[in-house]
Amino acid sequence: MVESIDKQWYVLHTYAGYENKVKANLESRIETMGMKDFIYRVIVPEQEVTVEQNGEMKVVKENDYPGYALVEMTMTDEAWYVVRNTPGVTGFVGSHGGGSKPTPLLPEEAEALLHRMGMVERKVVELDAEIGETVKVIAGSFDGFQGQITAIDNDKQEVTVLVDFMGRETPTEISFNDVEPIV
(Lines give C-alpha, C1' and ligand atoms only; values in the text may rest on other atoms or scores of the structure.)
Protein backbone atom coordinates (compact mmCIF):
# COMPACT_ATOMS: atom_id res chain seq x y z
CA MET A 1 0.00 0.00 0.00
CA VAL A 2 1.15 3.53 -0.74
CA GLU A 3 1.84 5.57 2.36
CA SER A 4 1.95 9.34 2.65
CA ILE A 5 4.96 10.90 4.35
CA ASP A 6 3.22 14.28 4.64
CA LYS A 7 0.77 15.15 7.36
CA GLN A 8 -2.63 15.87 5.91
CA TRP A 9 -6.20 16.36 7.09
CA TYR A 10 -8.69 13.50 6.77
CA VAL A 11 -12.41 13.41 7.52
CA LEU A 12 -13.71 10.72 9.87
CA HIS A 13 -17.27 9.47 9.84
CA THR A 14 -18.60 8.89 13.36
CA TYR A 15 -21.84 8.02 15.02
CA ALA A 16 -23.93 11.22 15.13
CA GLY A 17 -23.73 12.87 18.52
CA TYR A 18 -20.53 11.03 19.46
CA GLU A 19 -18.05 13.33 17.72
CA ASN A 20 -16.50 14.67 20.95
CA LYS A 21 -16.41 11.17 22.47
CA VAL A 22 -14.55 9.96 19.35
CA LYS A 23 -12.13 12.88 19.73
CA ALA A 24 -11.46 11.96 23.37
CA ASN A 25 -11.12 8.24 22.53
CA LEU A 26 -8.72 8.92 19.67
CA GLU A 27 -6.59 11.35 21.70
CA SER A 28 -6.34 8.71 24.44
CA ARG A 29 -5.32 6.02 21.91
CA ILE A 30 -2.70 8.32 20.40
CA GLU A 31 -1.09 8.60 23.85
CA THR A 32 -1.33 4.95 24.88
CA MET A 33 -0.29 3.53 21.50
CA GLY A 34 2.62 5.95 20.98
CA MET A 35 1.26 7.53 17.79
CA LYS A 36 2.13 11.20 18.51
CA ASP A 37 4.60 11.18 15.61
CA PHE A 38 1.89 10.14 13.13
CA ILE A 39 -1.43 11.50 14.44
CA TYR A 40 -1.22 15.17 15.37
CA ARG A 41 -4.61 16.77 15.94
CA VAL A 42 -8.25 15.74 16.18
CA ILE A 43 -10.89 18.43 15.70
CA VAL A 44 -14.66 18.50 15.86
CA PRO A 45 -15.75 21.49 13.71
CA GLU A 46 -17.92 23.59 16.03
CA GLN A 47 -18.99 27.18 16.32
CA GLU A 48 -20.52 29.21 19.11
CA VAL A 49 -24.12 30.26 18.56
CA THR A 50 -26.56 32.16 20.72
CA VAL A 51 -29.81 30.36 21.49
CA GLU A 52 -32.78 31.08 23.67
CA GLN A 53 -33.42 28.55 26.43
CA ASN A 54 -36.16 29.07 29.02
CA GLY A 55 -36.38 32.76 28.14
CA GLU A 56 -32.63 33.32 28.53
CA MET A 57 -30.03 33.82 25.82
CA LYS A 58 -27.14 31.37 26.09
CA VAL A 59 -24.02 30.79 24.03
CA VAL A 60 -23.62 27.12 23.12
CA LYS A 61 -21.27 25.20 20.86
CA GLU A 62 -22.98 23.75 17.83
CA ASN A 63 -21.48 21.03 15.68
CA ASP A 64 -21.05 22.23 12.09
CA TYR A 65 -20.94 18.70 10.65
CA PRO A 66 -22.84 16.18 12.79
CA GLY A 67 -21.35 12.73 12.36
CA TYR A 68 -17.91 13.96 11.30
CA ALA A 69 -14.53 14.82 12.85
CA LEU A 70 -11.21 15.87 11.34
CA VAL A 71 -7.85 14.27 12.01
CA GLU A 72 -4.44 15.60 10.96
CA MET A 73 -2.12 12.67 10.43
CA THR A 74 0.59 11.06 8.39
CA MET A 75 -1.08 8.14 6.63
CA THR A 76 0.78 4.97 7.55
CA ASP A 77 -0.65 1.47 7.98
CA GLU A 78 -0.28 1.75 11.76
CA ALA A 79 -1.83 5.22 12.03
CA TRP A 80 -4.69 4.22 9.72
CA TYR A 81 -5.33 1.12 11.87
CA VAL A 82 -5.34 3.10 15.15
CA VAL A 83 -7.79 5.71 13.82
CA ARG A 84 -10.02 3.26 11.96
CA ASN A 85 -10.40 1.01 15.03
CA THR A 86 -11.17 3.80 17.51
CA PRO A 87 -14.55 3.26 19.20
CA GLY A 88 -17.21 5.42 17.51
CA VAL A 89 -15.33 5.78 14.21
CA THR A 90 -17.30 4.17 11.39
CA GLY A 91 -14.72 4.95 8.71
CA PHE A 92 -12.90 7.58 6.73
CA VAL A 93 -14.63 9.75 4.15
CA GLY A 94 -13.04 9.04 0.78
CA SER A 95 -12.14 5.44 1.53
CA HIS A 96 -13.60 2.81 -0.73
CA GLY A 97 -13.56 -0.04 1.78
CA GLY A 98 -11.57 -3.23 1.65
CA GLY A 99 -8.63 -1.66 3.51
CA SER A 100 -8.13 1.16 0.98
CA LYS A 101 -6.58 4.37 2.26
CA PRO A 102 -8.76 7.49 2.23
CA THR A 103 -8.34 10.65 0.20
CA PRO A 104 -7.18 13.67 2.27
CA LEU A 105 -8.79 17.09 2.19
CA LEU A 106 -7.22 19.53 -0.24
CA PRO A 107 -4.95 21.98 1.62
CA GLU A 108 -7.23 24.92 0.75
CA GLU A 109 -10.29 23.02 2.10
CA ALA A 110 -8.51 22.29 5.37
CA GLU A 111 -7.28 25.88 5.65
CA ALA A 112 -10.79 27.25 5.04
CA LEU A 113 -12.25 25.03 7.79
CA LEU A 114 -9.50 25.91 10.26
CA HIS A 115 -9.83 29.61 9.41
CA ARG A 116 -13.60 29.55 9.98
CA MET A 117 -13.02 27.93 13.37
CA GLY A 118 -10.46 30.63 14.26
CA MET A 119 -7.61 28.12 14.48
CA VAL A 120 -5.47 29.64 11.73
CA GLU A 121 -5.04 33.08 10.25
CA ARG A 122 -5.61 33.26 6.53
CA LYS A 123 -2.58 34.61 4.77
CA VAL A 124 -3.22 37.90 3.02
CA VAL A 125 -2.07 37.60 -0.57
CA GLU A 126 -1.72 40.51 -2.96
CA LEU A 127 -2.61 39.97 -6.62
CA ASP A 128 -0.87 42.22 -9.09
CA ALA A 129 -3.52 41.94 -11.82
CA GLU A 130 -6.73 43.66 -12.88
CA ILE A 131 -10.02 42.70 -14.50
CA GLY A 132 -9.45 41.99 -18.19
CA GLU A 133 -5.85 40.82 -17.75
CA THR A 134 -4.78 37.29 -18.62
CA VAL A 135 -3.40 35.00 -15.93
CA LYS A 136 -1.89 31.53 -15.87
CA VAL A 137 -3.26 28.99 -13.38
CA ILE A 138 -0.31 27.47 -11.48
CA ALA A 139 -2.09 25.01 -9.15
CA GLY A 140 -5.28 23.04 -8.73
CA SER A 141 -7.57 21.40 -11.27
CA PHE A 142 -6.85 23.96 -13.98
CA ASP A 143 -3.06 23.98 -13.54
CA GLY A 144 -1.45 25.12 -16.80
CA PHE A 145 -4.59 26.81 -18.17
CA GLN A 146 -4.70 30.49 -19.06
CA GLY A 147 -7.67 32.80 -18.92
CA GLN A 148 -8.96 36.32 -18.59
CA ILE A 149 -9.93 37.75 -15.19
CA THR A 150 -13.62 38.73 -15.09
CA ALA A 151 -13.95 39.46 -11.36
CA ILE A 152 -11.75 39.94 -8.29
CA ASP A 153 -12.97 39.21 -4.73
CA ASN A 154 -10.42 40.61 -2.28
CA ASP A 155 -12.37 39.36 0.76
CA LYS A 156 -12.27 35.73 -0.41
CA GLN A 157 -8.90 36.28 -2.11
CA GLU A 158 -10.25 34.74 -5.30
CA VAL A 159 -10.43 35.74 -8.94
CA THR A 160 -12.96 34.57 -11.48
CA VAL A 161 -11.11 33.48 -14.59
CA LEU A 162 -12.58 32.45 -17.95
CA VAL A 163 -10.73 29.26 -18.86
CA ASP A 164 -11.19 27.42 -22.14
CA PHE A 165 -12.44 24.02 -21.02
CA MET A 166 -13.53 21.55 -23.72
CA GLY A 167 -14.05 24.34 -26.23
CA ARG A 168 -16.11 26.52 -23.88
CA GLU A 169 -15.12 29.53 -21.85
CA THR A 170 -15.91 28.49 -18.29
CA PRO A 171 -15.89 31.00 -15.40
CA THR A 172 -13.86 29.48 -12.57
CA GLU A 173 -13.14 30.87 -9.10
CA ILE A 174 -9.45 30.46 -8.28
CA SER A 175 -7.42 31.51 -5.23
CA PHE A 176 -4.95 34.39 -5.58
CA ASN A 177 -2.24 31.86 -4.62
CA ASP A 178 -3.05 29.70 -7.63
CA VAL A 179 -2.66 32.27 -10.42
CA GLU A 180 0.09 34.45 -11.75
CA PRO A 181 -0.16 37.33 -14.22
CA ILE A 182 1.21 36.73 -17.71
CA VAL A 183 3.67 39.48 -18.49
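## A friendly look at a predicted chain

Biologist: Hi! What does Tyr-65 count as at 36% relative accessibility?

Modeller: Happy to help: this is a predicted model, in which local features need pLDDT of at least 70 and side-chain atom pairs count only at pLDDT 80 or more, while totals for chains, interfaces and linings use all residues. Residues are numbered from 1 along each chain as its sequence is written, and side-chain values use heavy atoms, with hydrogens and water left out. Buried means under 20% relative accessible area and exposed over 50%, with partly exposed in between (1.4 Å probe, protein chains only). At 36%, therefore, Tyr-65 counts as partly exposed.

Biologist: What accessible area does the surface patch of Tyr-65, Tyr-68 and Val-93 have together?

Modeller: Tyr-65 sits in the loop between β4 (56-63) and β5 (68-74); helices (H or I, at least four residues) and strands (E, at least two) are DSSP runs numbered from the N terminus. Patch members have over 30% relative accessible area and no salt bridge; like charges are joined within 9 Å, and nonpolar side chains (Val, Leu, Ile, Met, Phe, Trp, Tyr) within 5 Å. Areas come from the Shrake-Rupley method with a 1.4 Å probe, and for residues only the protein chains shown count as cover. The nonpolar patch of Tyr-65, Tyr-68 and Val-93 has about 240 Å².

Biologist: What is the radius of gyration of the protein chain?

Modeller: The chain has three helices and eleven strands, in the order β-α-β-β-β-β-α-β-α-β-β-β-β-β. The globule rule (2.2 Å times the number of residues to the power 0.38, with the radius of gyration taken over C-alpha atoms) gives 16 Å for 183 residues. The protein chain is well over that, so it is more spread out than a compact globule, with a radius of gyration of 20 Å.

Biologist: How many salt bridges does the structure hold?

Modeller: Side chains of opposite charge can pair when their charged atoms come close. Here a salt bridge needs a side-chain nitrogen of Lys or Arg within 4 Å of a carboxyl oxygen of Asp or Glu. Glu-31 and Lys-36 form one, with closest N and O atoms 3.4 Å apart, and the structure's count is three.

Biologist: Which residue forms a salt bridge with Arg-41?

Modeller: The N to O distance in this bridge is 2.9 Å. It links distant parts of the chain, 31 residues apart, with Arg-41 in strand β2 (residues 39-43) and its partner in strand β5. Arg-41 is partly exposed at 33% relative accessible area, whereas its partner counts as buried at 8%. That partner is Glu-72.

Biologist: And which residue forms a salt bridge with Asp-77?

Modeller: Their closest N and O atoms are 2.7 Å apart. Asp-77 lies in helix α2, and the partner, 24 residues away, lies in the loop between β6 (89-92) and α3 (107-116). Asp-77 counts as partly exposed at 32%, while the partner is buried at 16%. The partner is Lys-101.

Biologist: How far apart are the end C-alpha atoms over residues 128-155?

Modeller: An unreviewed UniProt entry annotates this stretch as "domain: KOW"; such positions follow the numbering used here, feature names are shortened, and annotations may be inferred rather than shown by experiment. The stretch is 0% helix and 43% strand. Its end C-alpha atoms are separated by 15 Å.
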